[in-house]
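Colleague: I am new to this structure and should like to understand the reasoning behind the terms applied to it. May I put some questions to you?

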Amino acid sequence: MEFDLFTSLINLLIVYMVFAIAFAITVRRHPGLGGPRHWLVACLALFTGYLGVCLRGVIPDILSIVAANSLTLTGGIFLWTGIRSFFGLRCQWWLPALFVLSASVLLGLFMIVWPSVPARQIIMSVFTILIILFAVRDVLRRRSSALTMETDLFIGFTGAEAVIHVIRIITLMVTPVATNGYLLAQNQPDKFFFILFFMTGTTRLLILVTLVSARLQDELNQLATQDPLTQLPNRRLLLERLKHGIDVERRSGKQLALLMLDLDRFKAVNDSLGHGAGDELLQQVALRIQARLRDVDMVARLGGDEFIVLLEDIAHPEDAARVAEEIVADLSRPFQLRQSNESDHEPGREIQIGASIGISLYPQHGTNPELLMEQADTAMYEAKQAGRGCFAYFSEELTVAVRKRIALEGRLRRAIELQELRVFYQPQIDIASGRIVGAEALVRWQSPTEGLIAPIDFIPIAEETGLIIAIGEWVLRETCRQGRRWLASGFLPLTLAVNVSPQQFRRCDINALVAEVLAETGFPAGQLELEMTESGLMDNQDKAVEVLTNLRAQGIRLAIDDFGTGYSSLAYLKRFPVDVLKIDKSFIDDIPHLQDDMEITATIIAMGHILGFKVLAEGVETQEQLVFLWKKGCDTYQGYFASKPVTAEDFAELLKEQQMNG
Ligand code: C2E
Ligand code: MG
Ligand code: MG
């Protein structure tokens with residue numbers, strides 16, 4: 001069959017009609033979807049535009065051309081606004097209006113003063129290219145990730161169209177025969193372009209249809225994984241995330257927590273205030289839970305008043321309990337409902353509910369999603385039984401331990417405010433002379449209910465919660481104040497050693513703090529020693545060197561605590577400006593029974609001396625240990641053999657005794 005212009009025009013009309021029908025159906029089925037509505041108008045405009053061209057000869061030429069040109073232009077504009085609205089962009093109506101207005105004015109002018117085809121063609125082409133460029137720019141700005149491929153195709157084809165337009169303008173300008181022909185005249189270069197248009201136009205419309213279906217698929221997927229009331233992920237998406245989370249944690253060796261949350265007294269709200277109020281309450285609950293979580297966490301609604309929170313990558317079981325407690329506290333605050341029972345027309349109502357949370361942990365309580373959900377559910381019933389408004393772990397011991405820990409955290413916070421902390425001092429003895437030359441300041445908690453609590457029972461919690469910074473600051477200040485008092489009462493100068501936690505080292509300006517405390521208390525910098533552990537220093541070696549150098553510049557002595565239990569590398573010993581190595585108690589404990597420990601101790605002493613450090617042995621409890629250390633040339637020691645850590649008063653007594661003995 002001969003492929004003449006008329007046949008292709010008819011084909012084009014059919015194509016546009018088919019698309020128009022497709023878009024009309026889409027608009028009816030998905031009234032919320034921007035795009036197809038505009039494309040429908042675009043199809044109709046283009047369709048009528050071409051129809052205008054077809055009717056040449058039947059209606060006056062001038063009418064057919066004006067109709068064809070302006071309708072094609074309108075079609076292009078609707079295509080563009082459709083694309084904008086499809087990608088969720090607002091339509092700026094002033095822009096298309098500007099196009100139409102200026103195009104009609106220019107077109108009219110040209111037709112009067114220069115009634116040749118190329119002029120009109122050029123004007124039309126310029127405007128069409130502009131529309132295409134705007135559309136491509138918009139699409140590039142806002143691409144939905146799910147639709148990337150389709151938009152790429154779309155841009156490719158509209159780009160191709162733009163190129164064809166450019167070639168067309170050039171051809172029209174250089175081909176003399178075109179000057180008095182019309183779009184549909186036979187044997188003209190336009191025939192070729194018309195066929196090309198037919199192809200690219202059809203492809204573009206095809207791509208639009210693909211875009212619509214991809215977008216609909218997107219929405220369907222969302223519907224399948226989303227709770228329609230709260231817009232939270234549903235059980236299906238949660239299980240997927242949980243499965244993925246378990247895989248990740250398995251590889252990284254970390255923990256994951258599942259919090260099953262059930263509202264207390266929700267049924268009462270639903271029954272008394274109606275389902276509208278119940279729905280609104282659930283939406284507000286969803287928002288409050290979300291606000292409490294990190295970006296990486298996930299909250300899903302399982303249905304009814306059951307929510308589930310997934311916490312990935314947690315360091316301790318208490319972290320989950322802390323989040324659970326915060327959520328319980330958040331949800332126990334009153335909710336303000338806008339709508340209440342439809343029958344009475346009150347403006348709104350304040351209601352109070354609560355929540356119980358069951359927690360299961362990966363890997364302790366299960367290694368697959370279903371089991372973890374089950375265990376969290378069981379734990380949730382435990383929590384409800386325990387009196388609602390609280391959390392429970394799947395295992396009883398863990399619940400008890402974690403509740404205790406969290407309670408301890410609260411009490412410790414108050415203890416700092418109520419000044420229940422004390423500093424004890426453990427003498428440090430010069431081995432050669434047997435005299436007290438210093439003391440290590442060790443914190444204690446004098447609880448009114450539980451008596452004296454050892455640091456081992458609260459320092460780890462203080463480290464986790466950051467309370468250690470306040471505690472450390474207080475111990476430093478108190479020790480310097482005490483040291484100053486001893487100097488004032490005429491005791492010989494002593495070195496007072498204060499422990500510095502890695503958290504303090506990392507998170508606060510220890511240099512400024514020390515300078516401030518020394519200035520405030522008047523304690524001499526040369527008598528203050530700061531003890532740091534190897535692990536605390538190794539975290540960030542460059543920063544450690546800088547901080548230690550600055551501390552040293554203030555005249556402060558630096559000691560490495562628990563030496564031998566960490567990295568004990570010669571490289572860092574050389575880098576860090578340190579004065580004292582404190583050999584860890586674990587090496588001293590088995591002297592003189594364990595040959596290995598004796599060798600290690602002797603080696604640390606010898607190595608320390610070669611590198612220019614003083615060496616102190618910790619935890620000396622027997623005469624034999626002391627004799628061994630003396631033989632190996634250790635400088636100082638501390639331990640129960642000389643004295644346990646004692647109160648400031650008792651320590652002053654020890655000093656007095658020593659001074660009396662000469
Ligand atoms: P550390 O700095 O290694 O302190 C030495 C610990 O060994 C002290 O325990 C001390 O009482 C104990 N000790 C000393 N000689 C002997 C002995 O002969 N036998 C036995 N069995 N133990 C001995 P304490 O006071 O319970 O402190 C434990 C840890 O708590 C300290 O270890 C230190 O890491 C931390 N700590 C204590 N006070 C503070 C503080 O103010 N700030 C910071 N950041 N940590 C502190
Ligand atoms: Mg220490
Ligand atoms: Mg130690």
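Modeller: The exchange that follows sets terms against values for a predicted model.

Colleague: What makes Glu440, Asn499, Glu531 and Asp561 protein donors of the magnesium ion (ligand 2)?

Modeller: Donors are N, O and S atoms within 2.8 Å of the metal. Glu440 (OE), Asn499 (OD1), Glu531 (OE) and Asp561 (OD) lie 2.0 to 2.2 Å from the magnesium ion (ligand 2). The oxygen atoms of these residues therefore satisfy the cut-off. In sequence the donor residues are spaced E-x58-N-x31-E-x29-D.

Colleague: Why can glutamate 440 and aspartate 561 be said to tie together parts that are apart in sequence?

Modeller: Glutamate 440 belongs to strand 9 and aspartate 561 to strand 13, so the pair ties together parts that are 121 residues apart in sequence. Both glutamate 440 and aspartate 561 are buried.

Colleague: Which residues are the protein donors of the magnesium ion (ligand 3)?

Modeller: They are Asp561 (OD), Asp562 (OD) and Glu618, the last listed with two OE entries, at 2.0 to 2.6 Å from the ion. These distances fall within 2.8 Å, so the atoms count as donors. The spacing of the donor residues in sequence is D-D-x55-E. Aspartate 562, in strand 13, and glutamate 618, in the loop between strand 15 (614-617) and helix 23 (623-632), link parts of the chain 56 residues apart.

Colleague: Which residue coordinates both the magnesium ion (ligand 2) and the magnesium ion (ligand 3)?

Modeller: Aspartate 561 coordinates both, and the two ions are 4.0 Å apart.

Colleague: Why is aspartate 562 called partly exposed, and why is glutamate 618 called buried?

Modeller: Buried means under 20% relative accessible area, exposed over 50%, and partly exposed in between. Aspartate 562 has a relative accessible area of 26%, so it is partly exposed. Glutamate 618 has 10%, so it is buried. The phi of aspartate 562 is also noteworthy for this discussion: it is near 50°, a positive value in a residue other than glycine.

Colleague: Where else does a residue that is not a glycine have a positive phi?

Modeller: Arginine 265 has a positive phi of about 65°. This residue lies in the loop between strand 1 (255-264) and helix 9 (266-273). Its relative accessibility is 46%, so arginine 265 counts as partly exposed.

Colleague: What lies closest to the centre of the largest pocket?

Modeller: The volume of the largest pocket is about 1000 Å³. Of the 36 residues that line this pocket, the closest to its centre are Glu440, Leu442, Pro455, Asn499 and Asp561. Strand 9 gives the largest share of the lining, five residues. By type, the lining divides into 16 nonpolar, ten polar and ten charged residues.

Colleague: Why is the pair of tyrosine 425 and tryptophan 486 called edge-to-face?

Modeller: Rings pair if their centres lie within 6.5 Å, and planes over 60 degrees apart count as edge-to-face. Tyrosine 425 and tryptophan 486 are 5.0 Å centre to centre, with 70° between the planes, so both conditions are met. Tyrosine 425 is in strand 8 (residues 421-430) and tryptophan 486 in helix 15, 61 residues apart.

Colleague: What makes the pair of tyrosine 425 and phenylalanine 651 tilted?

Modeller: Their ring centres are 6.1 Å apart and their planes stand at 35°, so the pair is tilted. Stacked planes would be under 30 degrees apart and edge-to-face planes over 60, and the rest count as tilted. Phenylalanine 651 lies in helix 24 (residues 648-660) and tyrosine 425 in strand 8, so the pair ties together parts that are 226 residues apart in sequence.

Colleague: How do you know that tyrosine 425 and phenylalanine 651 are buried?

Modeller: Tyrosine 425 has a relative accessible area of 1%, and phenylalanine 651 is at 0% relative accessibility. Buried means under 20%, so tyrosine 425 and phenylalanine 651 are buried.

Colleague: How do you know that the length of helix 15 agrees with its number of residues?

Modeller: At 1.5 Å a residue, its 22 residues should span 32 Å, and the end C-alpha atoms are 32 Å apart, so the two agree. Helix 15 is followed by glycine 490, whose phi is positive, near 95°.

Definitions and conventions. Residues are numbered from 1 along each chain as its sequence is written. Chains are lettered from A and ligands numbered from 1 in the order in which they are written. This is a predicted model: local features need pLDDT of at least 70, side-chain atom pairs count only at pLDDT 80 or more; totals for chains, interfaces and linings use all residues. Side-chain values use heavy atoms; hydrogens and water are left out. On a 1 Å grid over the protein atoms alone, a cavity is a set of points where a 1.4 Å probe fits but cannot get out, and a pocket is an open set with protein on both sides within 12 Å along at least five of seven lines; lining residues have an atom within 4 Å of a point. Grid points are joined across faces, edges and corners, and a volume is the space filled by probe spheres set on the points. Helices (H or I, at least four residues) and strands (E, at least two) are DSSP runs, numbered from the N terminus. Ala, Val, Leu, Ile, Met, Phe, Trp, Tyr, Cys and Pro count as nonpolar, Asp, Glu, Lys and Arg as charged, and the others, Gly among them, as polar. Donors are N, O and S atoms within 2.8 Å of the metal (3.2 Å for Na, K and Ca); water is not among the atoms, so sites may look incomplete. Buried means under 20% relative accessible area, exposed over 50%, partly exposed in between (1.4 Å probe, protein chains only). The expected span of a helix is 1.5 Å times one less than its number of residues. Rings of Phe, Tyr and Trp (its six-membered ring) pair if their centres lie within 6.5 Å; planes under 30 degrees apart count as stacked, over 60 as edge-to-face and the rest as tilted.
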